[in-house]
Amino acid sequence: MTLAGTAVPTRSGPLTGTGALTRLALRRDRLTLPVWALVTGGLVASGAGSLDGLYSTAAQRAELAASMTANSSMRALYGPVFGDSLGGLVAWRFGTFGAVLAAVASLIVVVRHTREEEETGRQEMLSAGAVGRRAPLTAALLSALVLNTAVALLVTAGLAGQGAAGALALGLAIGGTGMVFAATAALAAQFTESARLAKGLAAAVLGLAFVLRAAGDSGTADGGSVLTWLSPVGWAEHVRAFAGERWWVLLLILAAVLAQTAAAYALTARRDVGASFLPTRPGPAEGRLATAGALAWRLQRGTLLGWSLGFLLGGLVFGGMVEGAADIVGDNERAREIFERMGGQSALTDAFLATMVSLLGMLAALYAVGSVLRAHGEETSGRAEPLLAGSLGRLRWAAGHLVTAFGGSVLILVLGGLGLTLSYGHGHGPILGAALVQLPAVWTLAGLAVLLWGAVPKAATAAWGVAGLCLALGWIGPALDLPQAVLDASPFGHLPRLPGPDMAWPPVLVLTALAAALTAAGLAGLRRRDVNG
């Protein structure tokens, strides 16, 4: 038997075939892994240049560090400032989010090459040959290790000018956090029967870790809260890059990786390929599940509930940060320009609110794309074919998922806007309307996902890359002073920046029409092509 042009040995041990499977995984991810590494590592490494332009003097940096450490809302978002050097500010501003990005990328990679391979049946085919029981899991973890090593190297090389020790510590902290959640995903893949649930379980652990760190940091100015120490994301913070590095904290990260990996290995040896320790409960499609729309709702309601709660809580947190926006900017005109470029208004409060609303919109696009691609997953896993073999038409089947995707994005944005309104108050009723203005851009990216799924199903997952790129452009682009033409590549760059100015209807209507056209074209492609074609 050969795999990716490489002969697999006939002698079979627990790790037999690991090398071939790793090369296959890296080949399949030859585009996505470099993009994740460049986005994550490049974001952190480029932070020195953007912060140097904002706070060019030691006095300005010291003032920023003092004001941010005294602001509980800012500590909850970014963590406390341990050092007022340029490198220390980079670690404060970008360290936590770099660690979260590395964690998200890692859990996606591991689930893709473990549970997703089993769900589609490819792993069973490979296991029929001389492939060891632990080889697929090892190959997935090695792929994540390659990704996180690249991120760590990019961060270290990009910030070496600020101090080699601090740059190395920050790179290892971010890459190490990525490996912690790669191991978490490996463990989650043993308990669930679907890749979607495995990703959801690992993402829930990541979300809990972020919440624990935020709660701990908001309560203490020195990062010494027990809650912060309970979070792997908090461990990355406690490495204290560029502020008297605590190298021993990296041992906590290593221990978490080894412990979870050992548990995942033990569990994978005790189950059959395709099985799990938490099997899906079977049941007939009767009563309220007798329609395609009801089935789609049943499949996606848990995901929608999680996003809804997250947006409500996120809105409450963002609303509580508005009063602290002035502390970030102070008298720094450059910082004010960045907020106004992101938010679009001369009034700092409105600019900050518009920035938060825009961030909610970009995150809602991730939900919408994922909800659309759930239908793609139902097709590729073979579960859609029996449904479509009867009287159920393709469009009616697809409509159930699309209603959940497009309608669900309305719900989560309403809840996010409601959270902002309740938390900030001050009579800002237009915040809810500003949140709903994000819908045309959200629907445009969802429509693109429908088009790719319907017309070019093999490229459907590229919709994730487009949505991630739009998020990066909207959130990081203004701080990096990217040209407006580049920022306008995202549909969010064309929306009116509310609350603040008068409503501009033309871009909203154009994007809505574009979303409808993309969706219609995708459904037309779905009607013409073969199922699983």
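Student: Before we look at any helices, what does contact mean here?
Tutor: Contact means heavy atoms within 4.5 Å. Keep in mind that this is a predicted model.

Student: Okay, which residues in H3 meet H6?
Tutor: On the H3 side they are Gly47, Ala48, Ser50, Leu51 and Asp52, and they meet Leu86, Leu89, Val90, Arg93 and Phe94 in H6. By class, the residues of this contact are six nonpolar, two polar and two charged.

Student: And how do people usually describe two packed helices?
Tutor: By two things, the angle between their axes and the distance between the axes.

Student: So at what angle do the axes of H3 and H6 cross?
Tutor: Roughly 110°, and the axes come within 9 Å of each other. H3 covers residues 47-54, while H6 covers residues 86-112. Since 65 to 115 degrees counts as roughly perpendicular, H3 is roughly perpendicular to H6.

Student: Is that crossing left-handed or right-handed?
Tutor: H3 passes H6 in a right-handed crossing.

Student: Let's jump to H22 and H25. Are they roughly parallel or roughly perpendicular?
Tutor: Roughly parallel to each other. The axes of H22 (residues 439-455) and H25 (residues 505-528) cross at roughly 15° and come within 7 Å. H22 passes H25 in a left-handed crossing.

Student: Which residues make the contact between H22 and H25?
Tutor: From H22, they include Trp443, Leu448, Leu451 and Trp453. From H25, Leu511, Leu514, Leu518 and Leu526 are among them. The contact of H22 with H25 has 16 nonpolar and seven polar residues, with no charged ones.

Student: New topic, Ala185. Is it buried or exposed?
Tutor: Ala185 is buried, because its relative accessible area is 0%. You will find Ala185 in helix H10, which spans residues 164-191.

Student: What is Ala185 in contact with?
Tutor: Leaving aside neighbours within four places in sequence, Ala185 contacts Leu107, Val110, Val111 and Ala202.

Student: And how far apart are Ala185 and Ala103?
Tutor: In sequence they are 82 residues apart, but in space their C-alpha atoms are 9.6 Å apart.

Student: What about Ser308, buried or exposed?
Tutor: Ser308 is buried as well, with a relative accessible area of 8%. Ser308 lies in helix H15, residues 292-321. Not counting residues up to four places away in sequence, Ser308 touches Leu411, Ile412 and Leu415.

Student: I was looking at the loop between H13 and H14. What is phi for Arg240?
Tutor: Near 55°, a positive value in a residue other than glycine. Most residues other than glycine have a negative phi. Arg240 sits in the loop between H13 (232-238) and H14 (249-268).

Student: And what about phi of Phe242?
Tutor: Phe242 has a positive phi of about 65°, and it is not a glycine either. Phe242 lies in the loop between H13 and H14 too. Phe242 is buried, with a relative accessible area of 13%.

Student: Last one. What pLDDT does the protein chain average?
Tutor: The average is 81, and 84% of the residues score at least 70. Over residues 1-10 the pLDDT is below 50, although that stretch has 18 contacts in the model beyond near neighbours in sequence. Residues 342-346 are also below 50, with 20 contacts beyond near neighbours in sequence.

Student: How should I read coordinates where pLDDT is low?
Tutor: Where pLDDT is low, the predicted coordinates should not be read in detail.

Terms used:
Residues numbered from 1 in each chain as written. Predicted model: local features only at pLDDT ≥ 70, side-chain atom pairs only at ≥ 80, totals over all residues. Heavy atoms only, no water. Axes fitted to C-alpha atoms, helices over the stretch in contact; angles between N-to-C directions. Helix = DSSP H or I, 4+ residues; strand = E, 2+ residues; numbered from the N terminus. Parallel < 35°, antiparallel > 145°, perpendicular 65-115°, else oblique. Left-handed = near helix turned anticlockwise from the far one by under 90°. Nonpolar A, V, L, I, M, F, W, Y, C, P; charged D, E, K, R; others polar. pLDDT = per-residue confidence, 0-100. Buried < 20%, exposed > 50% of the residue type's maximum accessible area, 1.4 Å probe, protein only.
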